[in-house]
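Subject: Structure handover

Hello,

The structure is below, followed by notes on what was found in it. Please look it over when you have time.

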Amino acid sequence: CLEGTRQYILEKIRIWATDLQAPNILWINGDSGVGKSAIASTIVEELRLSNRLGSSFFFRWERAGVMTPNALWRTVAYGLAQRYPDIRGHLVTALTINGDLPEIADVDALFRQLVYEPLMKSDRIPAEKLPVIVLDAVDECGGLDGQRSDSRKALIQTLRRWSELPAGFKLIITSRRESDIEQLFSTTVHHSIEIAAKEPITPFTPSNIRVFLVHELRQTQARYTSLPLDWPGEKAILSLIDRSRGLFIWIKTVANLIKRGAPRRTLRQILSHDTEGMSGLYTWILHASFPDSIEEDTKDFRAVLGAVIFMKEPFDNANLARFLSIDEPTMEYIFTELQSVLDCGTTVRIYHRSFVDFLLDSNDCPAFFLINKEYETSNLALCCLYTMETHLKFNICELESSSVRNEDVPNLALRIDKCIPPYLSYSSRYWASHLAETAPCRGINNSLQCFMDDLFLAWLEVLSLTKQMDIVSSMLQCLVDWLRVSLLLYIDSLAVDMQKFVATFASAMSESAPHIYISALPFSPRYSGVSKQYIRHYPQTLTVKRGGYNSWPTVVGPLQGHITSVYSVSFSPDGRRIVSGSLDDTIRVWNSETGETILGPLMGHGGPVYSASFSPDGKRIVSGSGDHTLRVWDAETGQMVLGPLQGHNNCIWSASFSPDGRSIISGSADHTIRVWNAATGKRILGPLRGHNASVSSVLFSPDGRRIVSGSDDHTIRVWDAATGKTILGPLQGHSASVRCVSVSPDGTKIVSGSEDNTIQVWDATTGDTVTDSLQGHNDLVWSVSFSPDGRRIVSGSEDRTIRIWDAETGETVLGPMQGHRNSVNSVSFSPGGGRIVSGSDDCTVRVWDAELDEAITGALQGHSSSSILTHFSPGG
């Protein structure tokens, strides 16, 4: 803040910061442009001088990709550790236990272990030195997606937990009043300061906006000595103050305009046109800067500003011009005319979020300059594809040898700078992200066809050399998703084959770009899409003369995965993903086609994950753990969105969503069942008591009206899901613990598996058994599940095998299916019924063909150390 301004607000903040009885969160809120960030900056400097600044973090919408909640809490932890030895000691202990803690994706777990717990354990900090954290522009977290973004949701979750800390640990938050932030503070104890645009003026408090305006005008007057000392006069000053509507950003923008133009003429034009408020000022700036624009000029304007707004990373002027295929003089003309609202330093950025909002708002922005998000993101996707089409080529960095790893190539960094310019690197990393935001059109379709037919391997080269192979899988999944939504099924199969190619050879390709051509391509199945498309272009590479694969091998892997027993596996509702929970306390999500890990490990639980399953819409995952808690995760980002849900006082063996996704049910070793609200985490039913031993398995019936449970007390019970009353059971028939239960899709049957090595099928209405005991396993049955059509049952056993049974007759129709080296703990059918997924004590997940008695994707596990690609043909 300018010296002498905002004194009333600053004093209120100082009083709050020293009041240890006040709520430990202060929310400074107000409209865009009222000076919240200036106040935050001033407070940061005051706290630094008084040795109370714990840390500060200023969100910026255009850097949303790096200014994430994870980055925030890492920064806060580092700042606290630097300044407070007591906190540093607790943090070092946490990092000693888990050195990978700063890298985990789970924002809640990272916040809890890096910030929350060290603060809770710190009790030796003098009151006058207790830390204050300052977070500015929280509303800009998540970029243009704002409150719809996963980052913003994760941040809100952790901010809510700050209020649980002792009052001495203070947190200042500045933001606009957006609905999700208002909702946060409607349920969180806090102190609030609202900054109004129209500030109250008293004889003892001069107008802050006036002081700021006069200061800015005096800087201009000092540059132009011919201007009179009292320029521009009281009347002009009052008119400018009135037009600003109390917005400091309006004054700052006007000051920039006056500084870069003829002062008198520019001021006269501002006062003679409708420039009131930000929309009025921005409209005048655009019309004044581009008075006689033709359609081609407007197209360039929209392309340039659209790129500045929607690109994932900023560019400098020259690289942006090359990326957009716009000549540099045109680019310079646009930037020169917009100097009052653009920062054209090393990278181009927009000074204030309000200008972005204006350009995207059809109610405020003139149609001639309006930015259409759909069109401009489509243009960015086309620019990426065109850039790759123009610049990608075989051996792009002119490597002399294929026998040298990337990391050992002499002067590789210099080669990359020379041969892979920033606009090509950007295009190679972000074309899929822009494609995901784009609707189908002929230009996109043709460019994609060219990429898939000719550029795929050269693209992998760039990502291998720039150490970006870890993003390939998710990019190809974006491509497959887009092709399927766009109904471009004629090239969908090639995209899926590209996924399998990368899944199989990613390790070798990441270590050596040449091995894309001399190891991966030659040893691909001869009839695979990638091989058929590309092998003819490289006739001088290796050739498999005899043997080799006609199709992708039965087992893809081994891939990095769980390091100990897998207790729970299940398919997503669309069958394309698998979730697994393990004794290693983590959850992973896998691509069910290729076997790649696409999410995880999700860390947060402090004990084994005994149960993990998707919500009916596939957007959430619920997990139950030996740490006695439940957690709900975002199935796309891996961020925890709910929990830990606490209530059980022993291990949670089983957890799943209701058919409508609104509730979660859990069964525990504490002998009880609980039902939770899936949105809020509040308990809505239970604890349900009736079993006199651990509840090992529990789930809703398909209509959501009943609950079925199996227990170590050897019985099964059916409960009313509304009242919690037992309506059937206890069903007795097993002679040992019931380890698992499942309900048929039509709700008429219940199947159970037991430690007595048998499986029973029950009538869900009467409780009678409908077949004889299903016998065949020679050890306890850990898992049973019905097929989607209800005609088959799959079971997994301690005897290391899987069997498929006829649900009507009880006869074995397939199996024993062998492949796991240890107990099979969990099995389930895919939504289509054609595949089965299994998890085992051998630390692996496998996917089986439910008709052929054959694993089609398996051994999803991890190397214990790094490895180099080795392949033998089937013939040896």
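In this predicted model, residues 774-815 have end C-alpha atoms 13 Å apart, and the span is 0% helix and 52% strand. Residues 645-686 have their end C-alpha atoms 14 Å apart, with 0% helix and 52% strand. UniProt (unreviewed entry) lists both spans as "repeat: WD", along with 559-600, 602-643, 688-729, 731-772 and 817-858; such annotations may be inferred rather than shown by experiment. Helices (H or I, at least four residues) and strands (E, at least two) are DSSP runs, numbered from the N terminus.

The second largest pocket (an open set of 1 Å grid points where a 1.4 Å probe fits, with protein on both sides within 12 Å along at least five of seven lines) has a volume of about 1500 Å³. Its lining (residues with an atom within 4 Å of a point) comprises 49 residues, with S570, S613, L699, S785 and S828 nearest the centre. Elements giving two or more residues to this lining include β8 (566-571), β20 (695-700) and β31 (824-829). The lining divides into 27 nonpolar, 21 polar and one charged residue.

Elsewhere, the axes of α14 (residues 317-324) and α19 (residues 422-436), lines fitted to C-alpha atoms over the stretch in contact, come within 9 Å and cross at roughly 55°. The two helices are therefore oblique to each other (not under 35, over 145 or 65 to 115 degrees).

Residues are numbered from 1 along each chain as its sequence is written. Local features need pLDDT of at least 70 and side-chain atom pairs 80 or more, while totals for chains, interfaces and linings use all residues, and side-chain values use heavy atoms, without hydrogens and water.

Regards

Technical notes:
Points joined across faces, edges and corners; volume = space filled by probe spheres on them. Nonpolar A, V, L, I, M, F, W, Y, C, P; charged D, E, K, R; others polar. Axes fitted to C-alpha atoms, helices over the stretch in contact; angles between N-to-C directions.
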